[in-house]
Amino acid sequence: MTIGQKLSKSEKIGFSLGDMAGNFVYQSVVLLLAFYYTDIYGLDAITVTSIFLFVRILDAVTDPLMGIVADRTQTRWGKYRPYLLILCIPYALVSILVFTVPDLDQDGKILYAYITYSLLMVFFTATNIPYTALGNVMTSDPSERTSLYSYRFAAATFGGLIVTVLLVPLADYLGGEDKAKGYQLAMAVLAFVSVILFFITVATTKERIVPVNNGKIGYWSDFLQVLKNDQWRIFALALFVMVASQTIKATVAIYYLTYYVEDAATMVSLFLGIWMVGGILGSALASRVVAMFGGKVAWVWLAIISGVLSAVTYFIAADYVIAIIAMQFFVGFFNQMMAPILASKAVEVIDYGELVNHRRLDALTGGLNLSALKIGLAIGGAMATAMLGWYGYVSGGVEQSSETTSGILIIFTLVPAVGFFLTAAILSRFSLTPEVIENNAEQLVQIRKQSNAAG
């Protein structure tokens, strides 16, 4: 039985470029913003912690609201693509403002950081939720979706690779001795490219699935429908824990390389680049792994492997640079392989909700997923900077104490490992097996045909 539309490589590539564009900013925030705020912008670690908590949790509240709006949008160009077209330029402009140091006193700079970072996350929400929902409605074929998300996250990770390899050297080249100006100009270059990539995504993709929706239902009813979905609750909790763990590791990576690994301070881009190269290959192979083992089994074991690798890194001495580089490759490989799998599982959760309730809520569910992700991002980032402060980290690029460097090692290795093991434990309760997923997809094809014929 034909379940859904087969997608061409050109459409998969075009769709994936949208996440590459988004990751120019997202990876800059995850990998570099804490370091930028403490060592270039001039904020202490506690202030950065408060900014991360306030902005990210506040922004997480807007995600479901954006999902509700997007699900109810009807235009001749579709539900979701118009948001990418209209909002990509404001998103790019605000990303430049975040990496701009204003000529203000310390209180003014703190307020500026709160405002600009808040705006950036609002525009991230307003583009990322429609983008994610767009991928959900391009095809109803489960295997095609996994393939589509393999393209997506390979491109997203490549966008992160560009950030890690080029942003710091580009900032040094454009700004010279003025680090602040360099970061501003480097982000301006990435922002310009991101706008072009968003335009390509809009031009090359098509929304195909016409969902089953039983008339007009109130916002609160839709919200409760998602919350009552038991498979969504498991998914959201696993997503939160996994992202928090990844964020702790990613946030502290630059500190680990700068202050723990011997003679690695000048090779930060290389270390992070190796991590991203592993991630690209992992994303590209995700669909094959899912085909062999199924999404649930693959995700559980990848989380366990990621935890083991992170814990093993703790025992690698600071002067074993080659071993550390190799470990970063494998951490990136197995960790990022989870991204396409979780994206395809997210759609399967939406399919399950549509089958049970005869109402499809791609954007709202995606918004709540993004809320879980952002809360994980907020808690993970805040935990990372708070633990840095606990271990006595001193901002400003000065030499750190032995207690601080030991703390950085623990935060980078053992703390995320615990989170990955917990993720695997949560995922073991997931009940959407490959057989159930296939059966759900076939039933939905028939239900949609009947609904469209009746309409």
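Here are some notes on this predicted model, going from the overall fold to a few individual residues.

1. Let's start with the overall make-up. The protein chain contains 14 helices and 0 strands, so reading from the N terminus you will meet one α element after another, α-α-α-α-α-α-α-α-α-α-α-α-α-α.

2. Next, the overall dimensions. A compact globule of 455 residues would have a radius of gyration near 23 Å, and the protein chain agrees with that at 21 Å. Along the principal axes, its C-alpha atoms occupy a box of roughly 70 × 45 × 40 Å. If you look at contacts with a separation of 6 or more, 85% of them join residues 24 or more positions apart.

3. On burial and surface, 60% of the 455 residues count as buried. The accessible surface of the protein chain is about 17,900 Å², and carbon and sulfur atoms account for 67% of that.

4. The largest nonpolar core is worth a look. This core has 143 residues, and the members that touch the most others are Leu-33, Tyr-37, Tyr-117, Leu-120, Tyr-255 and Tyr-256. Helix α8, residues 230-260, gives the most to the core, with 19 residues. Leaving aside residues up to four places away in sequence, Leu-120 touches Val-25, Val-29, Tyr-91, Val-94, Ser-95 and Val-98.

5. Aromatic rings deserve a point of their own, as the whole structure holds 23 aromatic pairs. One of them is edge-to-face: Tyr-255 and Tyr-393 sit 5.1 Å centre to centre, with 90° between the planes. This pair links distant parts of the chain, since Tyr-255 belongs to helix α8 while Tyr-393 is in the loop between α12 (362-390) and α13 (402-427), 138 residues apart. Tyr-255 has a relative accessibility of 1% and therefore counts as buried; Tyr-393, at 8%, counts as buried too.

6. A second pair, Phe-329 with Phe-333, is stacked, at 6.3 Å centre to centre and 20° between the planes. Both residues lie in helix α11, 4 residues apart, or about one turn of the helix. Their burial falls on either side of the 20% cut-off: Phe-329 is partly exposed because its relative accessible area is 23%, whereas Phe-333, with 15%, is buried. Elsewhere, ring pairs join Tyr-36, Tyr-37, Tyr-41, Phe-52, Phe-99, Tyr-117 and Tyr-183 into a cluster.

7. Helix α11 itself merits a closer read. Its 37 residues, 321-357, reach 54 Å from the first C-alpha to the last, close to the 54 Å expected at 1.5 Å a residue. The helix is mostly covered, with 27 of the 37 residues buried. Just after α11, you will find His-358 with a positive phi of about 55°.

8. Finally, please have a look at Gly-278, which lies in helix α9 (residues 268-293). With a relative accessibility of 0%, Gly-278 counts as buried. Which residues does Gly-278 touch, not counting residues up to four places away in sequence? They are Phe-329, Gly-332 and Phe-333, and so the stacked pair of α11 comes back into view here. By contrast, the C-alpha atoms of Gly-278 and Leu-53 are separated by 30 Å, with their positions 225 residues apart along the chain.

How values were computed
Residues numbered from 1 in each chain as written. Predicted model: local features only at pLDDT ≥ 70, side-chain atom pairs only at ≥ 80, totals over all residues. Heavy atoms only, no water. Core = buried A, V, L, I, M, F, W, Y, C linked by side-chain atoms within 4.5 Å. Buried < 20%, exposed > 50% of the residue type's maximum accessible area, 1.4 Å probe, protein only. Helix = DSSP H or I, 4+ residues; strand = E, 2+ residues; numbered from the N terminus. Contact = heavy atoms within 4.5 Å. Expected span 1.5 Å × (residues − 1). Rg over C-alpha atoms; globule rule 2.2 N^0.38 Å. Areas by Shrake-Rupley, 256 points an atom, 1.4 Å probe, with all protein chains shown as cover. Phe/Tyr/Trp six-rings, centres within 6.5 Å; stacked < 30°, edge-to-face > 60°.
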